[in-house]
Structures are given as structure tokens and as C-alpha cells.
Amino acid sequence: MSKTTQYWLMKSEPDAFSIDDLKRKGQEHWDGVRNYQARNFMRDGMRIGDKVFFYHSNCAEPGVVGVAEVATDAYPDPSQFDPKSKYFDAASSRDNPRWMLVDVKFVKKLKRTITLKELQADPALADMALVRKGNRLSVMPVGAEEWRHILAME
């Protein structure tokens with residue numbers, strides 16, 4: 001039985017890790033997620049081959065800047081075990097890791113940034129998690145219709 005591709009949006013601050021960084025590296029682990037709902041999306045929802053919008057956040061022009069693909073199943077985020085990491089979690093153990101991650105691989109950089117303001121103003125995206133008031137998740141699902149609609153905005 002073949003699985004249906006799912007779609008996601010993952011936020012990164014471009015001064016920490018940008019779409020150009022992912023393009024240069026080709027593939028990278030998505031570490032440092034410290035929100036249970038976002039972790040659950042990666043751990044329980046994401047599968048190899050799922051498509052991801054790469055979103056630049058906390059910058060002058062936040063928005064969708066590229067497309068990536070989930071490259072691995074979820075596995076424990078090693079930064080939670082490193083006391084020198086800003087993502088260290090003393091309450092997490094290797095036997096029962098609290099934080100998970102996936103690797104994502106570069107697919108393409110969009111020709112332009114599809115800005116948050118554009119997404120918020122588009123009635124077709126009114127129900128999208130990203131544009132809902134109070135949603136600050138760094139990892140969230142995107143509906144198949146939302147995915148196609150946003151790609152058509154490029």
C-alpha cells in the first residue's frame with residue numbers, strides 16, 4: 001500500500017539557518033525543536049518523502065522561501081544530551097528521549113519570498129494554521145490544497 005504524501009511548513013530564522021544554508025549542505029537535521037506539539041508532528045506525522053515549505057521567520061520579510069523534503073524518519077535530537085548545547089535538556093535521557101527530529105533535504109529555492117502578509121491576505125488560505133492568530137509553532141501541517149495554492153503564487 002502506498003502512502004499519501006503529506007505537506008508541512010518548518011520555520012527557521014535565516015540568520016541561524018537559511019534556505020541557502022540548506023541548499024549548500026543538501027541535507028540537514030532539524031534540531032532544537034522544544035515544543036511538544038511541533039515535536040509530535042515530526043515524531044508521529046512526518047514520513048520520508050513528505051514535502052516541506054521552508055519558511056524564514058523572525059526577519060524583515062517572513063515567508064515561504066523554499067521547498068524541502070523529509071529525508072529520514074524521526075530520531076532522538078542529539079542536542080538534548082549535550083550539556084554545551086543551548087538545546088540541552090537535563091530531564092531527557094537516552095533511554096527515554098524527550099525531543100525528536102527529522103532530517104530534511106533541499107529541493108528548491110523559490111524565485112521569490114511568498115510573504116506572510118500575502119498568505120494572510122489570501123482568502124483561500126484563511127484556515128491555514130500559519131495564518132491563524134496566536135499560532136507560533138515552528139513545525140505545522142499544510143493541507144494539500146494549501147500546498148498547491150502557495151506553490152502557484154511563486
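How many of the residues of strand 1 are buried? Keep that in mind while going through the points below.

1. First, a word on what you have in front of you: this is a predicted model. As for the opening question, strand 1 is mostly covered, with six of its six residues buried. Y7, L9 and K11 point one way from the strand, W8, M10 and S12 point the other way, and all are buried. That fits a general pattern: in a regular strand, side chains alternate between the two faces of the sheet.

2. Now for the sheet that strand 1 belongs to. It is an open sheet of six strands, in the order 2-7-4-3-1-8, and the pairing is mixed. Strand 2 (27–29) and strand 8 (139–142) sit at the edges with a single partner strand each, so one side of each has no neighbour in the sheet. On average, neighbouring strands are turned by 40° against each other, direction ignored.

3. Who are the partners of strand 1? They include strand 3, joined in the parallel sense over six bridges, and strand 8, which runs antiparallel to strand 1 and is joined to it by four bridges. If you want landmarks, look for S12 opposite H56 in strand 3 and L9 opposite M140 in strand 8.

4. Strand 3 (residues 51–56) also pairs with strand 4 (residues 63–70), this time in the antiparallel sense and over six bridges. A handy pair to find here is K51 with its bridge partner in strand 4, E69.

5. Next, the helices on the sheet. Helix 2 (residues 36–45) packs on it and touches strand 1 (7–12) and strand 8, its direction making about 60° with that of strand 8. Helix 4 (residues 144–152) lies across strand 1, strand 3, strand 4, strand 7 (103–115) and strand 8, and runs at about 55° to strand 3.

6. The loop between strand 3 and strand 4 deserves a look, and two of its residues make a nice contrast. Is S57, which is found in this loop, buried or exposed? S57 counts as buried, because its relative accessibility is 14%, under the 20% cut-off. Leaving aside neighbours within four places in sequence, S57 is in contact with K11, S12, E13, P14 and P62.

7. N58 lies in that loop too, but it counts as exposed, at 60% relative accessibility. Check its backbone as well: phi of N58 is near 50°, a positive value in a residue other than glycine. For background, most residues other than glycine have a negative phi.

8. Then there's the largest pocket, with a volume of about 1,000 Å³. Its lining counts 31 residues, and K11, S12, E13, S57 and S138 lie nearest its centre. So where does the lining come from? Strand 1, strand 2 and helix 3 (116–121) each supply at least two residues. By class, the lining is a mix of eleven nonpolar, ten polar and ten charged residues. Notice that S57 turns up again here: it is among the residues nearest the centre of the pocket, and its contacts include K11, S12 and E13.

9. Last, a residue in another loop. N96 is found between strand 5 (75–76) and strand 6 (100–101), and it is exposed, with a relative accessible area of 56%. For a sense of scale, N96 and R148 are 52 residues apart in sequence and 38 Å apart in space, C-alpha to C-alpha.

Methods: Residues are numbered from 1 along each chain as its sequence is written. This is a predicted model: local features need pLDDT of at least 70, side-chain atom pairs count only at pLDDT 80 or more; totals for chains, interfaces and linings use all residues. Side-chain values use heavy atoms; hydrogens and water are left out. Two strands pair if DSSP finds at least two bridges between them. Axes are lines fitted to C-alpha atoms, for helices over the stretch in contact, and angles run from 0 to 180 degrees between N-to-C directions. Contact means heavy atoms within 4.5 Å. Buried means under 20% relative accessible area, exposed over 50%, partly exposed in between (1.4 Å probe, protein chains only). On a 1 Å grid over the protein atoms alone, a cavity is a set of points where a 1.4 Å probe fits but cannot get out, and a pocket is an open set with protein on both sides within 12 Å along at least five of seven lines; lining residues have an atom within 4 Å of a point. Grid points are joined across faces, edges and corners, and a volume is the space filled by probe spheres set on the points. Ala, Val, Leu, Ile, Met, Phe, Trp, Tyr, Cys and Pro count as nonpolar, Asp, Glu, Lys and Arg as charged, and the others, Gly among them, as polar.
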